[in-house]
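Here are a few exercises to work through with the model open. Try each one yourself before you read the solution.

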Amino acid sequence: MKLDYTPEQQAFRAEVRSWMEANVPAGKLPSFDLTRQGFEAHRDWERKLSQGQWGMVTWPEAYGGRALDLIRWLIFEEEYYRAGAPTRVNQNGIFLLGPTMMEFGTDDQKQRFLPRMAAGDDIWAQAWSEPGAGSDLAAVRSTCTRDGDEYVLNGQKIWSTRAVFADWAFGLFREPGSERHKGMSLILFPLDAPGVTRRPIARMDGEMVFAEIFLDNVRVPVADRLGDEGQGWHVCMATAGFERGLMLRSPARYQVAAQKLAALYHANKANLPASIGERVAQHWMDADAYALSIYSTASRLEAGGKIGPESSTNKIFWSEMDVALHQTALDILGPRAELLGQSTDGVSPVDWLDGFIFALAGPIYAGSNEIQRNIIAERMLGLPRG
């Protein structure tokens, strides 16, 4: 296989690189999951991206984008990670809800929400999971009761990413009395609406990545339902496809991590067994294989294809690769991996430790890997339910 970029794609890469080199903050921004100050610093970065029309390059210009294809989005992502730019605080919006709204939203919804999303004016949280439902979205119990031109929302959401400081959330609600996949609607609601209560959930490292959301007779206009009434499951599966199969985890993220791992290995290889070198090489190849797979998916979508159940294989691959890659880094560092600051020999392992802790959640969020294996068995392999 021979992959070449066109002169136009190479020129685009040069444009992105130049902008990133001129605008990426010199120092690391404070965490967006610890304080409002850190959250707002990342919102400011989203606004700076928007000023350069980099908020979401695939969206139409009228919605704050550049109307570019997915191949150039991948090039943008490669340059973004190469520059060490800040993690996107609005990834729930631009990578999950945005593409879904592009497919199912009304013209009014697109005009209301997408430009503000691209500009960082509205930061979005995902409100899918519930106590007792876990990764089984068909088991959610929160309800939406129609009352004229409004819905009345009641229930509880949990493990809602970015909900501590975000402005809006999108969640799955069901008509009272409906069961499983029927009677569900995907509804957008402001997190400062009367009747909404948020309670942060601290992760094992202290960061408040998630929140519980309690909804007590929260009224939202029917116009803020995404897709047809009762078709929430269908809409939600499209969002999950974008999440698992294409946009949530850019391949550039793992290619840059593999490069850093190789550098860590070379700095320490005099004291390491050969098996560590083999693992580092495997991670490098896995990251490149994942990138090629995503380029293939992007090309298929550009030709009019759809994301299907194969996105589940994608999700399992990147989540398990991430854990293995960070485990190798910790094995290279040995006891130094547990240091929170810089060790006496100049090694600063805290980023690898943070990355490992985050990677452990990968096989659980975005639909647990056990659920993904069930999807593969039933929808790809045609195996009967056990």
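**Exercise 1.** Find which charged ends sit over the ring of Trp 318, and how far each is from the ring centre.

*Solution.* Start with Arg 249: its charged end sits over the Trp 318 ring, 5.7 Å from the centre. Next, look at Lys 315, whose charged end also sits over that ring, at 5.9 Å from the centre. Keep in mind that this is a predicted model.

**Exercise 2.** Compare the reach of helix 9 with the expected value, then check what follows the helix.

*Solution.* Helix 9 covers residues 311-333, which is 23 residues. At 1.5 Å a residue you'd expect 33 Å, and the span from first to last C-alpha is 34 Å, so the two are close. Now step past the end: Gly 334 follows helix 9, and its phi is positive, near 65°.

**Exercise 3.** Classify the ring pair of Trp 128 and Phe 170, and work out what it ties together.

*Solution.* The whole count is 20 aromatic pairs. In this one, the ring centres of Trp 128 and Phe 170 are 6.2 Å apart and the planes meet at 85°. Planes over 60 degrees apart count as edge-to-face, so that's the label here. Then place the partners: Trp 128 is in the loop between strand 1 (124-127) and strand 2 (143-147), while Phe 170 is in strand 4 (residues 168-174). The pair therefore ties together parts 42 residues apart in sequence. Finally, check burial: Trp 128 has 7% relative accessibility and counts as buried, and Phe 170, at 0%, is buried too.

While you're on rings, pull up the cluster that ring pairs make from Phe 12, Trp 19, Trp 45, Trp 54, Phe 76, Tyr 80 and Tyr 81.

**Exercise 4.** Explain why Cys 144 has no disulfide partner.

*Solution.* A search of the whole structure turns up zero disulfides. For Cys 144, the closest cysteine sulfur belongs to Cys 236 and is 13 Å away; a disulfide needs the sulfurs within 2.5 Å, so that's too far for a bond. Cys 236 is likewise in no disulfide. As for burial, Cys 144 counts as buried at 5% relative accessibility, and Cys 236 counts as buried at 0%.

**Exercise 5.** Test the protein chain against the radius of gyration of a compact globule.

*Solution.* For 386 residues the rule gives a value near 21 Å; the chain has 21 Å, so they agree. Now add the context: the chain has eleven helices and eight strands, and 53% of its residues count as buried. Its C-alpha atoms fill a box of roughly 70 × 50 × 45 Å along the principal axes.

Terms used. Residues numbered from 1 in each chain as written. Predicted model: local features only at pLDDT ≥ 70, side-chain atom pairs only at ≥ 80, totals over all residues. Heavy atoms only, no water. Helix = DSSP H or I, 4+ residues; strand = E, 2+ residues; numbered from the N terminus. Phe/Tyr/Trp six-rings, centres within 6.5 Å; stacked < 30°, edge-to-face > 60°. Buried < 20%, exposed > 50% of the residue type's maximum accessible area, 1.4 Å probe, protein only. Lys NZ or Arg CZ within 6 Å of the ring centre and 35° of its normal. Rg over C-alpha atoms; globule rule 2.2 N^0.38 Å.
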